[in-house]
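Thanks for making time for this. I would like to take one helix and follow what surrounds it, and I will ask you to keep the structure in view while I talk.

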Amino acid sequence: MKVVVIGGGVVGVTTAYQLQQDGHEVTLIEKQPQVAEETSWGNAGMVAPGHSFAWSSPQAPMILLKSLVKKNQALRFKPSLDPRLWTWSLKFLAQCTEERARINTLRKHRLATYSQGVLHEVVARENIQFDNNARGIMYFYRDEASLERGIAHMKILADDGQEMRTISRDEILKLDPSLASAAHKIAGAVYCPTDETGDCNKFTNGLAKLCIERGAEFRTGTAVTRINVSGNQVASVQTDKGEVKGDLYVLSAGNYSPILARPIGIDLPIYPVKGYSLTIPIGNHGAAPTIASVDENNLVAITRMGDRVRVTATAEFAGYNTSHKPDDFTFMKGIVQELYPDGADYDRAFMWAGLRPMTPTNMPIIGPSRYRNLFFNTGHGHIGWTMSNGSARIAADMIAGRTPAIPLDGLAA
C-alpha cells in the first residue's frame with residue numbers, strides 16, 4: 001500500500017521504517033524542517049524499562065496540589081481556562097488508584113521491554129550510531145529511608161522480570177568514579193544493568209536517512225492542516241503545500257494528534273506535559289558522568305551523550321506553552337553541578353523545553369480508528385524513546401494483519 005505517516009518524531013520515523021520493511025510505499029509528513037526536532041530532540045535519552053512506572057499513581061494528586069504553592073515539585077499543575085486540561089485531569093485522577101497504577105505500570109513495562117528488544121534488532125541490522133551507552137542506569141537515593149522506599153517501589157518491576165539490584169555507595173563509585181566528590185550525599189541505588197541510553201534525535205535522523213535512501217518520501221517543513229474524510233474513510237490530508245493522498249494513514253503527530261483528530265469526530269485523550277532539559281558540552285572537564293543516573297529524591301535525570309551531558313527534570317501541566325526562562329533551570333543545574341562539579345562546561349548549557357504527549361493511563365494509543373484506513377500510533381508520553389520501536393513494530397503487524405508479539409491491553413483509543 002501507499003501509506004502516509006503524519007509526524008516525524010521518533011514514533012513516526014520508526015513507524016515509517018517498519019512499514020517500509022514490510023514493503024509499503026511510505027510518505028512521511030513533518031512540519032519541522034527536520035525530523036525529531038520537538039519532543040524527540042531534548043529528552044533524557046534513556047531507554048529504560050527499569051523506570052517504566054505510571055505517573056498516575058496514588059501519590060500524584062498530592063504532588064500536583066503541592067505544586068500550586070511549591071515551585072520545585074517534580075509534577076507541576078498550572079490551572080488554566082482550557083476545558084481540555086480539566087477533562088484530561090479528571091481522567092488522569094481516575095487512574096491514580098493503587099490498582100490502576102499497578103496495571104498501567106505493568107503494561108508500560110511489557111511494552112518498554114519488548115520495544116528495547118526491537119531497538120536492538122534495528123541497531124544490529126542497520127548499524128545506526130547514536131551515542132549509545134549500554135552500561136545500565138543507576139537510580140540513587142540520598143538517605144536510607146528513601147532508599148528503602150525506592151527498593152519497595154521497584155519490586156513491582158523486579159517481580160515482572162526486570163533485572164535490577166541494590167548497590168552500595170562503594171559499588172556506585174565503581175560504576176561511576178565521577179561521583180566521588182558527592183558520594184557522602186548518596187545512601188545507595190537501585191541499578192538496572194539492562195537499561196541504556198542514547199541520543200534519540202541522532203537515532204531518528206539516522207533511521208530517516210535509511211528510509212529515504214530506500215525510497216521513502218519525507219516531506220519535512222510541511223504542516224498537515226486537515227484530515228479530509230469521505231464516508232467511512234480518509235480521502236487525503238491537506239497540508240500547507242497541497243494535498244497528499246494514500247491508501248492508509250497513520251497518525252503519529254504526538255501532541256498535535258488530538259488537534260488533527262478532533263475535527264473528524266475523534267477525541268484522543270492526549271494532553272501535553274512540558275519537560276525541561278539542559279544539554280551541556282563536557283569540554284575539557286575530567287570528571288563527567290560515565291553512566292546515566294536519576295537522582296530519585298529530586299527526580300533529575302543525568303545522561304552522558306558522547307561529548308555532552310543531558311539533564312532533564314519536571315513535568316508541568318501548562319498546555320501547549322514551550323516558553324522557558326533561565327530560572328526554570330536553576331534547580332536542575334544546581335543538582336548536576338553538586339553531583340559532578342568537574343563534569344561539564346555548565347556556563348555553556350543549552351536550555352530547552354518541550355512537550356510530552358501524555359494519556360491519562362500513560363499508555364500510547366496504537367490501533368485502528370473509526371475510519372477504515374486511519375490508524376493511530378501516538379500518545380507515548382515521557383518514555384516515547386523507550387517505547388517507540390516496539391510500538392512501530394506493533395503498528396506494522398496490525399496493519400499487515402499479523403498478531404503482535406505482545407498483548408495489546410490498554411493500547412486502544
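Is α1 mostly covered or mostly open, and how many of its twelve residues are buried? Bear in mind as we go that this is a predicted model. The helix is mostly covered, with eleven of the twelve residues buried, and these are V10, V11, G12, V13, T14, T15, A16, Y17, Q18, L19 and Q20. As for its geometry, α1 runs over residues 10–21 and reaches 16 Å from its first C-alpha to its last, which is close to the 16 Å expected at 1.5 Å a residue. Just after the helix, G23 takes a positive phi of about 95°.

Let me turn to the partners, beginning with α7. The helices α1 and α7 pack with their axes 9 Å apart and at an angle of about 30°, and since angles under 35 degrees count as roughly parallel, that makes α1 roughly parallel to α7. On the α1 side the contact is made by V10, V13, T14, A16, Y17 and Q20, and on the α7 side by C200, F203, T204, L207, A208, L210 and C211. The crossing of this pair is left-handed.

The next partner is α4, where the axes of α1 and α4 come within 13 Å and cross at roughly 65°, and the two helices are therefore roughly perpendicular to each other. Here Y17, Q18 and Q21 of α1 meet V118, V122, R125 and E126 of α4, and the crossing of α1 and α4 is, again, left-handed. Y17 appears in the contact with α7 and also in the one with α4.

That brings me to the core. The largest nonpolar core has 43 residues, and those with the most contacts inside it are V5, L19, F203, F218, V250 and W385. At least two residues of this core come from each of β1 (2–6), α1, β2 (25–30), α4 (98–126), α7 (200–213), β13 (248–251) and α10 (384–400). Apart from this core lies another, of 30 residues, among them A189, Y191, I291 and V336.

Which residues is F218 in contact with, once its neighbours within four places in sequence are left aside? They are V13, A16, L28, V35, A208, C211 and I212. Of these, V13 and A16 on α1, and A208 and C211 on α7, also take part in the contact between those two helices.

Key:
Residues numbered from 1 in each chain as written. Predicted model: local features only at pLDDT ≥ 70, side-chain atom pairs only at ≥ 80, totals over all residues. Heavy atoms only, no water. Helix = DSSP H or I, 4+ residues; strand = E, 2+ residues; numbered from the N terminus. Expected span 1.5 Å × (residues − 1). Buried < 20%, exposed > 50% of the residue type's maximum accessible area, 1.4 Å probe, protein only. Core = buried A, V, L, I, M, F, W, Y, C linked by side-chain atoms within 4.5 Å. Contact = heavy atoms within 4.5 Å. Axes fitted to C-alpha atoms, helices over the stretch in contact; angles between N-to-C directions. Parallel < 35°, antiparallel > 145°, perpendicular 65-115°, else oblique. Left-handed = near helix turned anticlockwise from the far one by under 90°.
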